[in-house]
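Here is a colleague's note on a few local features, written as numbered points. Please read each point with the structure open beside it.

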Amino acid sequence: ARHNSYRGKKMAAVQDAPMELDAEKETKPEILSDGTSNLSGNTASGTLSSPPLTAGGAPKQEDQQTLIAVLQFLRRNKLTESVEILRREACLEDQEDSQTLDGSGGGKGDGDGGDANSLLSRVSIASAAAPQSTLTPIPVKSEYDQPDVSVVLSAYSQQGDPSLYQVYYSSLKNFIESVLDCHRAELSQLFYPLFVHMYLELVYNNHENKAKAFFEKFSGDQECYYQDDLRILCGLTKKEHLKGNEALLDFRTSRFVLRISRDSYQLLKRHLQERHNNQIWNIIQEHLYIDIFDGMPRSKSQIDSMSGSFAGETRREVNKAKVFYGLLKEPEIEVPLDDEDDEAENEEGKPKKKKTKKDSMGSKSKKQDPNAPQQNRIPLPELKDSDKLDKIMYMKESTKRIRLGPENLPSICFYSFLNAYQGLTAVDFTDDSSLLAGGFADSTVRVWSATPKKLRKVKSAAELNLIDKESDDVLERIMDEKTASESKNLYGHSGPVYGVSFSPDRNYLLSSSEDGTVRLWSLQTFTCLVGYKGHNYPVWDTHFSPFGYYFVSGGHDRVARLWATDHYQPLRIFAGHLADVTCTRFHPNSNYVVTGSTDRTIRLWDVLNGNCVRFFTGHKGPIHSLAFSPNGKFLASGSTDGRVLLWDIGHGLMIGELKGHTDTIYALKFSRDGEILASGSMDNTVRLWDSMKAFDDMETDDFTAATGHIHLPDNSQELLLGMYHSKSTPVTHLHFTRRNLLLAAGAYNSQ
Amino acid sequence: MTEREERRFAEVPRESIKLMAESTGVELSEEVATLLAEDVCYRLREATQNSSQFMRHAKRRKLSVEDFNRALRWSNTETVCGYGAQDALPFRPLKEGELFFVEDREINLVELALATNIPKGCAETMVRVHVSYLDGKGNLEPQGTVPTAVQSLSEDLLKYYQQITRAILGEDPHLMKVALLDLQSNSKIAALLPYFVYVISGVKSVSHDLDQLNRLLHMVKSLVQNPYLYLGSYVRSLVSSVMYCILEPLAASINPLNDHWTLRDYAALLLSHIFWTHGDLVSGLYHQILLSLQKVLSDPVRPLCSHYGAVVGLHALGWKAVERVLYPHLPAYWANLQAVLDDYSVSNAQVKADGHKVYGAILVAVERLLKMKALSLTLAAEGGCAGLPGTATGAVGFRENSLGLSPPPEPLSEPPLGIASHLQAGGAGCPWEEWTPVSLPAMYCELYSFFGDSLAVRFSTDPPLGGAPPSGSRQPLEGRKEPASGAPNLENTRKMPQLTASMNISPRQDGSPCMEPQPPSLAATVPGRSLARSSSSSSVSRSRSSSSRPGRSTSQSRDIFPKARFPLPQVGPPAFSFIIGGRQMGRRCQGRRFQTSFTPTPPLTTLPPRAYAHKLPVIGRVSKPVRRWTCSHYSLHLPL
């Protein structure tokens, strides 16, 4: 290990560029721990001894120079021990025949070359890391023939004969195709990451034509769900292009995660060792993370259901953290008795029934959910009187709620946006369904009243001075009757509005836009209160916490941010996605935030400490909709591939796949009791799914929980309860009213 | 063929790159072109891929030009303009030469602008609720139709529109009158308003035809007067049409025989009418108008008729507008005008005539400015004496109207503070912000230095506030009497200039020095201040010599008010010399002097002096009043 660290330092020093040494040190032992320490150790020790002798046979002269340069460097940085070792081994090596090197050592050299190459590439990429000032190399003339250090070291990136890449790859391919079926599926996972890395290496080393040929030959073998990435890769044939492409840079620097059973892995290892296919072995070591598990190899369908993301599957340990997915205790609010009497009068009879219901609700809220976070785990705003009133309203409404089920499907009201020439991009309803907000591509946000009650502004300050503040109807008096209208326009953004979200108390509205800001609007004055700047790129989505005060936003800068309305800077920055964060949602207990991304993964973040506590892969396209079940246990996600995936948050497992939509799913919503999941899509349909059945069917035995190897039943057709077409209106948003009426919204498309 | 199939993406060949380089004058080597071509391909592809995310988030299926431009913008690349049209651009092949291109037809803007089929407006975005599925079962009713913005006009309305436009723009004056009357009172033509506004905006196309312009202006007037029409934002369009008539050097103005002056006067009148009745519809309109008028006025390149328009426009907008725009601008403008007026060359005759027009217009404007300012001071002093200003301004307005010299002043209902508040409302960052009001005496002084006695005469001829009209005294030319000095309520308005006529009656036309006796003490005197200023001291050296106060300061001295002095009646034909243009303050140029000799016709002498005064400044406006004064001889020359 010490050797490794030395080497890392050396590389950094030689490159005279900032680099992340820590990452190198950390990741190296991880690989070694995979039961391959022997081989790795060999490689590591061989590193210093064997120069990058390529198969084509580089001139000996060059090797000498390389060694000299390295020695010189080590000496300058007082790494005397390394110098000694290198000296010794170089002398030994000098006596060796180049032929023998070709056999065993050459392979090792290649391996090292790969390593160096990756380091170099990383070095050239890294821009923000701290420079290591102590290691600045100043070319000093000495008795040796002085070659320029960097020039010499660039030879490391010239490892491996580019023409042999195809051979390497196809030999591996042949091997995998020849193994037993049970292993083949697992080992096939290697194809894609290897293909990409080999291709990128070729590109990086300026073997443009070789890269093209490589691509031509093997791109057809890849899984269909990688098509999007392959399309990007295909255009990329130059090293310069690589520099600007952040997604691929991340691909190179982050490790593609594979899950392979121990048996399959042993098989692979043996093969690679026998064939001395060090090129491939190096890539596996450098760029892949192989999560080895004991037990039966997974089937093809099992693998397929979990793969598809930009960076491979989830590491098992990532999803082991405890998530408090339970709901917070409802505050106890006394419902005024006279109201109950009123209701009893209004609706004849059944006061008893109502009472029992209320009791049951009360007991439910009193019982502390064992899976719930502590009430004060994150500070939440205190309830105001108006909030309490609203809660009472909510409870009253929920007594009138329709119980949905497979036999009792909800009615659907469609809110069609007509004449939305400017392009409807986002919709949100308030929880009580009284207001409706639309974000438009022409940078406006419009708010409509969904009830006959018109929208009114608060009077101006001068006028407010005149009103009687003691009167009972002061809240009514402060409103300016003259401004009453059915809709209000909010102007302020300078780019399309991509996300809108109402605050739970209906006093505020959030909107996120292409202009890089999130704006907070007052629904009392219909003016902009704050512009939150932080994402310097388009902000794709924003969502208010169910308790207000906090909100989350995610954008093109690949991070999600947690904000509080009274702070102009974010409280948390959730970084980890490899591509744009496309949608963000708060967990019902406000302790977690879920984000979906273009990298086809979903991450659940802990608001308290900003950690990523769940990492879900399985989608084959960018994720555009997310929804928590009302009890906080489950998560549904929809993506451009038209599939809805269901996740168990507590166990960190995929528990269902709902196939049926033919286009991007932009809206997902659970019914108020969680029995029904509604999904709305670009294909102009709303589909209702039996989420209860989906949750009940899942295997929850310990084994699956431990391994995460679920076997998804293909029961989408059974779960589909209904499919409803709109005339020509893509469904942008779905909302269940408090009584379980389903509201859908979208812009009518006349073409 | 196979090659093409394998190629999955559009590629820009290096030949194209070379061609493009050549078209900008760069010679590229084969190698560079190849590299560039590849890079261009990659960048294009990258931008396309980036743009698709904007499409996805806008929840569209179709990639728009806007999406692509956004992607370019975020990668710090200039956007591609000109392809934002909604409809797809046709991509056409050319048979010869295997060329493909996007069809990009030239559009005749004039045709487009003058076409009568007005594009439909956009309807308001709205949300319609519709119960799609009840209890998860069945479509109850179809989703319904989408309301469109502008219902296409009904047959009747279309007919009406055609008839009216034909009648108004046609030849028959009677028909036109009927049509205009109907347009003024018809309550059902709201739907046609945009069409009419559109027709009116065609003023630019008929700038050669005064008749048509007049008709269009009448149309404006009718529309404005129609109580059933809500003009809304169309006011702006109407105003711009009217402004066009006021300010533009119309093609019709080239021919001096065309009386475009009247058109401008009328348009200015209309402008003020629109503004006072509908100005509240468009915020900042007043300001915009003032700004554009100011711009014209300060642009020396513009022809004089444009300047004239600006002046009458300002005048029509009220004295505050004059005070704020014209008055501060006068010193600068005066030099230009003077140059025109001083040029006696034949070729300049036409321009000079125009110059006199402008001169007259300015005179009228500043005169009312002075009057109104004095009046407002009176008002301020008197506090709540509301009755007086109404009648006074009414009288002024009437008189001026009767003269036909200028558009009427603003409606009397206009509260005096109206303009000021307007200016403040829309005045953020405007150049008038630092404008400070000039005191009346100072203003008078300055104006006098420009206009000399002509200003004085005109100003003096107004009936004084509450004063008696001048009696027809035997004295042949009595400028005016001491203004009702007895009126106690005017005691504190003494700052107001009262008497400004300044005339010399010289025995001979050439104006040789005359023995002027002590002038009759008709001079305006402000109590407590000696304001006497002889006409001589103001400009004419000859007079100065005979001045009763030789010791008075030189021409540099600025007395607040000039004193009128009248010589004793003389034998022989009396000759009046008026200083039409006073000396400019601080400039060493002679004042302009008009000399007028009258044959002493009996009616003339018996005329009350103010009648002269009325007619005099008409010099600039040759058209009407002159005819009646056939016997008088106007000369425009410098006597000295």
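1. A word on strands comes before the rest: two strands are taken to pair if DSSP finds at least two bridges between them. Please also keep in mind throughout that this is a predicted model.

2. With that meaning in hand, look at chain B, where strand β1 (residues 91-94) and strand β2 (residues 99-102) run antiparallel and are joined by four bridges. Across this pairing, B:Phe101 in β2(B) is the residue that stands opposite B:Arg92. The hairpin formed by β1(B) and β2(B) has four residues between the strands, and B:Gly97 takes a positive phi near 90° in this hairpin.

3. Chain A offers an open sheet of four strands, in the order β22-β23-β24-β25, with antiparallel pairing. Because β22 (623-628) and β25 (653-659) of chain A stand at the edges and have a single partner strand each, one side of each is left without a neighbour in the sheet. On average, and with direction ignored, neighbouring strands of this sheet are turned by 20° against each other. For the pair at one edge, five bridges join β22(A) to the antiparallel strand β23 (residues 634-639) of chain A, and within β23(A) it is A:Gly638 that serves as the bridge partner of A:Ser625.

4. Returning to chain B, helix α6 (residues 155-169) has 15 residues and reaches 21 Å from its first C-alpha to its last, which is close to the 21 Å expected at 1.5 Å a residue. Its buried residues are B:Leu157, B:Tyr160, B:Tyr161, B:Ile164, B:Thr165, B:Ala167 and B:Ile168. Why do they count as being on the same side of α6(B)? They cover an arc of only 160° around the axis, and therefore they lie on the same side of this helix. An α-helix has 3.6 residues a turn, so residues three or four places apart point the same way. On the other side of α6(B), by contrast, B:Glu155, B:Lys159 and B:Arg166 are exposed. The buried residues of α6(B) pack against α7 (173-185), α8 (193-200) and α9 (210-225) of chain B.

5. The last point concerns two helices of chain A, α15 (residues 262-275) and α16 (residues 278-287), which pack at an angle of about 140° with their axes 9 Å apart. That angle makes α15(A) oblique to α16(A), since only angles over 145 degrees would count as roughly antiparallel. The contact is made by A:Tyr265, A:Leu268, A:Lys269 and A:Leu272 from α15(A), together with A:Ile280, A:Trp281 and A:Ile284 from α16(A).

Definitions and conventions:
Residues are numbered from 1 along each chain as its sequence is written. Chains are lettered from A and ligands numbered from 1 in the order in which they are written. This is a predicted model: local features need pLDDT of at least 70, side-chain atom pairs count only at pLDDT 80 or more; totals for chains, interfaces and linings use all residues. Side-chain values use heavy atoms; hydrogens and water are left out. The expected span of a helix is 1.5 Å times one less than its number of residues. Buried means under 20% relative accessible area, exposed over 50%, partly exposed in between (1.4 Å probe, protein chains only). The arc is that of the directions from the helix axis to the C-beta atoms. Contact means heavy atoms within 4.5 Å. Axes are lines fitted to C-alpha atoms, for helices over the stretch in contact, and angles run from 0 to 180 degrees between N-to-C directions. Angles under 35 degrees count as roughly parallel, over 145 as roughly antiparallel, 65 to 115 as roughly perpendicular and the rest as oblique.
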